[in-house]
Amino acid sequence: MRNAAGMLGMIGGLIGILVGFVGYGYVEVTTARPEVGEIFGLLDNPGFIQFASFIAPLLAIAGGAMAKSRALWGGVLMLLSCAAFYTAFGFNLGTMFPIGFVGLGGVLAIAAGKPDEDKAHF
């Protein structure tokens with residue numbers, strides 16, 4: 001389960017980087033050109049969107065990397081990443097795979113209470 005959690009966290013984080021680029025870029029474009037925001041819609045909290053665009057993929061990749069050795073910590077980081085993606089961008093076509101992969105990876109990592117190794121986190 002730890003290997004699956006690690007792979008899901010890494011894949012979800014890499015897809016999440018693309019979501020982060022789009023989110024951060026849209027904030028920058030609407031800041032530089034307010035008329036774009038008037039046409040396509042203004043953001044309620046652009047500072048949080050920029051923060052989540054950076055931190056959510058970072059947490060997903062770090063959690064996926066930790067899943068094998070420290071499954072509990074890695075799982076918590078992946079679930080925090082999943083929450084950041086959902087809070088900043090919502091659940092839509094662009095975020096369904098990062099949210100799904102990272103959320104499932106976090107659950108699998110936390111559920112790995114009795115691993116093949118001697119070190120369990122419960």
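Here is a short chat about a predicted model, covering its nonpolar core and a few single residues.

Biologist: Which helix gives the most to the largest nonpolar core?

Modeller: That core has 18 residues, and Ala5, Met78, Phe85, Phe89, Val102 and Ala109 touch the most other members. Helix H1 (2-32), helix H3 (46-66), helix H4 (71-89) and helix H5 (96-111) each supply at least two residues. The one that gives the most, with seven residues, is H4.

Biologist: Which glycines does methionine 78 touch, leaving out residues up to four places away in sequence?

Modeller: Met78 is among the core residues that touch the most other members. Its contacts include Ala5, Leu59, Ala60, Ala67, Val102 and Ala109. The glycines on that list are Gly9, Gly63, Gly64, Gly105 and Gly106.

Biologist: Is threonine 30 buried or exposed?

Modeller: Threonine 30 lies in helix H1. Its relative accessibility is 14%, and the cut-off for buried is under 20%. So threonine 30 counts as buried.

Biologist: Which backbone oxygen does the side chain of threonine 30 reach?

Modeller: We're still in helix H1 here, where threonine 30 lies. The side chain gets to that oxygen at 3.1 Å, and the residue it belongs to is valine 27.

Biologist: What about arginine 33, is that one buried or exposed?

Modeller: Arginine 33 sits in the loop between H1 and helix H2 (34-40). Its relative accessible area is 51%, and exposed means over 50%, so arginine 33 is exposed.

Biologist: How far apart in space are arginine 33 and alanine 62?

Modeller: In sequence, arginine 33 and alanine 62 are 29 residues apart. In space, going C-alpha to C-alpha, the distance between them is 34 Å.

Terms used:
Residues numbered from 1 in each chain as written. Predicted model: local features only at pLDDT ≥ 70, side-chain atom pairs only at ≥ 80, totals over all residues. Heavy atoms only, no water. Core = buried A, V, L, I, M, F, W, Y, C linked by side-chain atoms within 4.5 Å. Buried < 20%, exposed > 50% of the residue type's maximum accessible area, 1.4 Å probe, protein only. Helix = DSSP H or I, 4+ residues; strand = E, 2+ residues; numbered from the N terminus. Contact = heavy atoms within 4.5 Å. Polar contact = N/O pair within 3.5 Å; in protein donor to acceptor, adjacent residues only side chain to side chain.
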